[in-house]
Amino acid sequence: MTALGERIRKAREEATIGVPALAEGLGVHRRTVERWESGEREPSRAKVRVLALLLRKPYEWFYGGCICGANDWIRTDPYDESYPEGAALCGACGREEGAPS
Ligand SMILES: [Zn+2]
């Protein structure tokens, strides 16, 4: 499963929207949404823009950005034991997330 697919599924579940309803909102077949979520297919950037609106998440978040909408991760100091390995801080809001790969 791709990171993008995982985020689409997560956002859809958080918005409590079923695959059929989301597919209808996007004007695509439900199987298309299932393929996006499984990573079998990748939605176009234009579709992700619509997804972002329908699911109320920042566009950049779908591509590994922060939930605040920024995509400006600062890797934490690997020698600082107070942060787990691979963690990163958002340069805009300071939120800590797993570092994008
Ligand atoms: Zn942020």
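Begin by selecting Ile8, Leu22, Val33, Trp36, Val48, Leu51, Leu55 and Phe62, the eight residues of the largest nonpolar core. A nonpolar core here is a set of buried Ala, Val, Leu, Ile, Met, Phe, Trp, Tyr and Cys residues joined through C-beta atoms within 7 Å, and a residue is buried if 20 or more other C-beta atoms, placed from the backbone, lie within 10 Å of its own, exposed if 12 or fewer, and partly exposed in between. Color α3 (30-38) and α4 (45-55) next, since each supplies at least two residues of this core, with α4 giving the largest share, three residues.

The model is predicted, and local features need pLDDT of at least 70, side-chain atom pairs count only at pLDDT 80 or more, while totals for chains, interfaces and linings use all residues. Residues are numbered from 1 along each chain as its sequence is written.

Stay in the core and center on Ile8, which touches Trp36, Glu37, Leu51 and Phe62, leaving aside residues up to four places away in sequence; contact means that the C-beta atoms, placed from the backbone, lie within 7 Å.

Now display α2 (residues 19-26) together with α4, which pack at an angle of about 125° with their axes 10 Å apart. Axes are lines fitted to C-alpha atoms, for helices over the stretch in contact, and angles run from 0 to 180 degrees between N-to-C directions. The angle makes α2 oblique to α4, given that angles under 35 degrees count as roughly parallel, over 145 as roughly antiparallel, 65 to 115 as roughly perpendicular and the rest as oblique. To see the contact itself, select Leu22, Gly25 and Leu26 in α2 with Lys47, Val50, Leu51 and Leu54 in α4; by class, these are five nonpolar, one polar and one charged, where Ala, Val, Leu, Ile, Met, Phe, Trp, Tyr, Cys and Pro count as nonpolar, Asp, Glu, Lys and Arg as charged, and the others, Gly among them, as polar.

Keep α2 and swap its partner for α3: this pair packs at an angle of about 105°, with axes 8 Å apart, which makes α2 roughly perpendicular to α3. Show Val19, Pro20, Leu22 and Ala23 of α2 against Arg30, Thr32, Val33 and Glu34 of α3, a contact of five nonpolar, one polar and two charged residues.

Finally, zoom out to the whole protein, whose secondary structure comes to five helices and three strands (DSSP runs numbered from the N terminus, helices being H or I of at least four residues and strands E of at least two). Of its 101 residues, 17% are buried.

Definitions and conventions: Two residues are in contact if their C-beta atoms, placed from the backbone, lie within 7 Å.
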